[in-house]
Amino acid sequence: MESADLKIAIIGAGRWGKNHVKTAASILNPQNITVVDFSPQAEKTVKAVNNNIKFTTDLNEILSDKNISAAIVATPAETHFDVAKQLINAGKHVLIEKPITLVSEDAKVLLELAGENNVKIMVGHVLLYHPAVLKMKELIDRGMMGKIQYIYSNRLNLGSIRQEENILWSFAPHDISMIQFLTGKDPVSIDAKGAAYLQSDIEDTTLTYLEYPGNIKAHIFVSWLNPFKEQKLVVIGEQGMFVFEDSIKENKLRFYPKGFRDNQGRLEVFDEGVFLLKFPEKMPLTEEHLHFYDCVVNDKTPRTDGKHALKVLEILEEATEKLKKTAVTG
Ligand SMILES: NC(=O)c1ccc[n+]([C@@H]2O[C@H](COP(=O)([O-])OP(=O)(O)OC[C@H]3O[C@@H](n4cnc5c(N)ncnc54)[C@H](O)[C@@H]3O)[C@@H](O)[C@H]2O)c1
């Protein structure tokens, strides 16, 4: 089968789900897409994207349709487990939005069920489909910066406040996923601190500290109570430093050959300016869809498979435990 012949379902066409609908309709035959949502507003949204996309409020229509081989789950996180479980049990490959589930025990059940039903789980950690992140990973693996020493990521904004989750769960899955990908390792220690000002017991800002094997350290600073938008990841290495700044329009990916070298027992600074790195101008969500369809049709393991997503979730859970001990509510 060619990817273009795939028949898929998209469950949930809300704020983010509608991006999945638009993206799927730009790749697949719109007649091969069925959207499921409870809300009457969602039907209007879907038909505005393309009138040929099918719409239903009944998930059972998808579960019983043998021609639909894959589904995208873009419902609120608390429903991921229930919706994905039904789809997997019906033999559908699933692309689940992040976080895979709210509890790692549930994610483990999904992974097991996927194995039993011989279907793929991919999770929408969309930054691992960003061409700049892939370029940075390729250059790091080719040794451009030497050994990674330190990584930090700022994901800051004014707004996008949620009531069902704190800033850690809303923003940090992206940063955790990228740091896991770049290091290729799992953390040996996790700590987190945060503070809640706008809503009782829901952190507006958190600082998560991760330690990886080989003396690699990282921190993630996320906030929705910040005067400006910033999405900046900095990777410090022995022979240079990468900056991936997704919140600016141009020169998002830069390499600074800067640092310190040993000169006969003395540390000497070196500073060779900055390289502005080019990468293919592709939309991360489109790349994510193409990867999912390729994995389904050609039986490949997704880059952000269930295992990757489970690890991200376990890190979130441990960070949450640490937060509970430190959060200040005012
Ligand atoms: N990857 C990213 O960058 C990114 C960005 C934003 C949101 N998300 C994720 O996308 C998911 C959806 O977020 P959102 O902001 O679009 O939420 P939303 O509340 O705006 O939309 C959810 C939609 O799902 C529908 N829905 C709820 N339960 C359903 C069910 N059981 N069956 C069918 N439809 C159902 C609702 O009617 C609504 O239209 C969340 O998991 C969120 O974490 C990911």
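**Structural features of the predicted model**

With 9 C-beta neighbours inside 10 Å, asparagine 118 counts as exposed, because a residue with 12 or fewer falls in that class. Asparagine 118 is placed in the loop that links α5 to β6 (121–123). Its phi is positive, at about 55°, although the residue is not a glycine. The model from which these values were computed is a predicted one.

A second asparagine shows a positive phi. For asparagine 215, a residue other than glycine, phi is near 60°. Asparagine 215 belongs to the loop between β9 (205–212) and β10 (216–223). Asparagine 215 has 10 C-beta neighbours inside 10 Å and therefore counts as exposed. A further backbone feature concerns proline 99, which is found in the loop between β5 (93–96) and α5 (104–117). The peptide bond leading from lysine 98 to proline 99 is cis, and its omega is near -10°.

The overall fold was considered next. The protein contains 9 helices and 17 strands. Its radius of gyration is 21 Å, close to the 20 Å given by the globule rule for 330 residues, so the protein is as compact as a globular protein of that length. Along the principal axes, the C-alpha atoms fill a box of roughly 70 × 50 × 40 Å. Of the 330 residues, 40% count as buried. Among contacts between residues at least 6 apart in sequence, 66% join residues that are at least 24 apart.

The domain assignment divides the protein into domain 1 (3–123) and domain 2 (128–284 + 314–329). A distance of 30 Å separates the C-alpha centres of domain 1 and domain 2. Contact between the domains involves 6 residues of domain 1 and 7 residues of domain 2. On the side of domain 1 that touches domain 2, the residues comprise 3 nonpolar, 1 polar and 2 charged.

In soluble globular proteins, nonpolar side chains tend to be buried together. In the present model, the largest nonpolar core has 84 residues, and those with the most contacts inside this core are Ile8, Ile10, Ile11, Ala71 and Val94. Helix α7 (residues 167–183) supplies the largest share of the core, with 9 residues. Both domain 1 (3–123) and domain 2 (128–284 + 314–329) give residues to the core, so the core lies between them. Beyond its neighbours within four places in sequence, isoleucine 8 is in contact with Ala24, Leu28, Asn32, Ile33, Ile68, Ala70, Ala71 and Ile72.

Ala24, one of the contacts of isoleucine 8, is also among the buried residues of helix α1 (residues 17–27). The others listed as buried in this helix are Gly17, Lys18, His20, Val21 and Thr23. The buried residues of α1 pack against three strands and two helices: the strands are β1 (8–11), β2 (33–36) and β4 (70–73), and the helices are α2 (40–49) and α8 (284–298).

The surroundings of the ligand were also examined. There are 23 residues around the ligand, of which Gly12, Gly14, Arg15, Trp16 and Glu97 come nearest. By residue class, the shell around the ligand divides into 12 nonpolar, 7 polar and 4 charged residues.

Note on methods:
Residues are numbered from 1 along each chain as its sequence is written. This is a predicted model: local features need pLDDT of at least 70, side-chain atom pairs count only at pLDDT 80 or more; totals for chains, interfaces and linings use all residues. A residue is buried if 20 or more other C-beta atoms lie within 10 Å of its own, exposed if 12 or fewer, and partly exposed in between; C-beta atoms are placed from the backbone. Helices (H or I, at least four residues) and strands (E, at least two) are DSSP runs, numbered from the N terminus. A residue is near a molecule or strand if its C-beta atom, placed from the backbone, lies within 6 Å of it. Ala, Val, Leu, Ile, Met, Phe, Trp, Tyr, Cys and Pro count as nonpolar, Asp, Glu, Lys and Arg as charged, and the others, Gly among them, as polar. The radius of gyration is taken over C-alpha atoms; the globule rule is 2.2 Å times the number of residues to the power 0.38. Domain bounds come from an automatic or database domain assignment. A nonpolar core is a set of buried Ala, Val, Leu, Ile, Met, Phe, Trp, Tyr and Cys residues joined through C-beta atoms within 7 Å.
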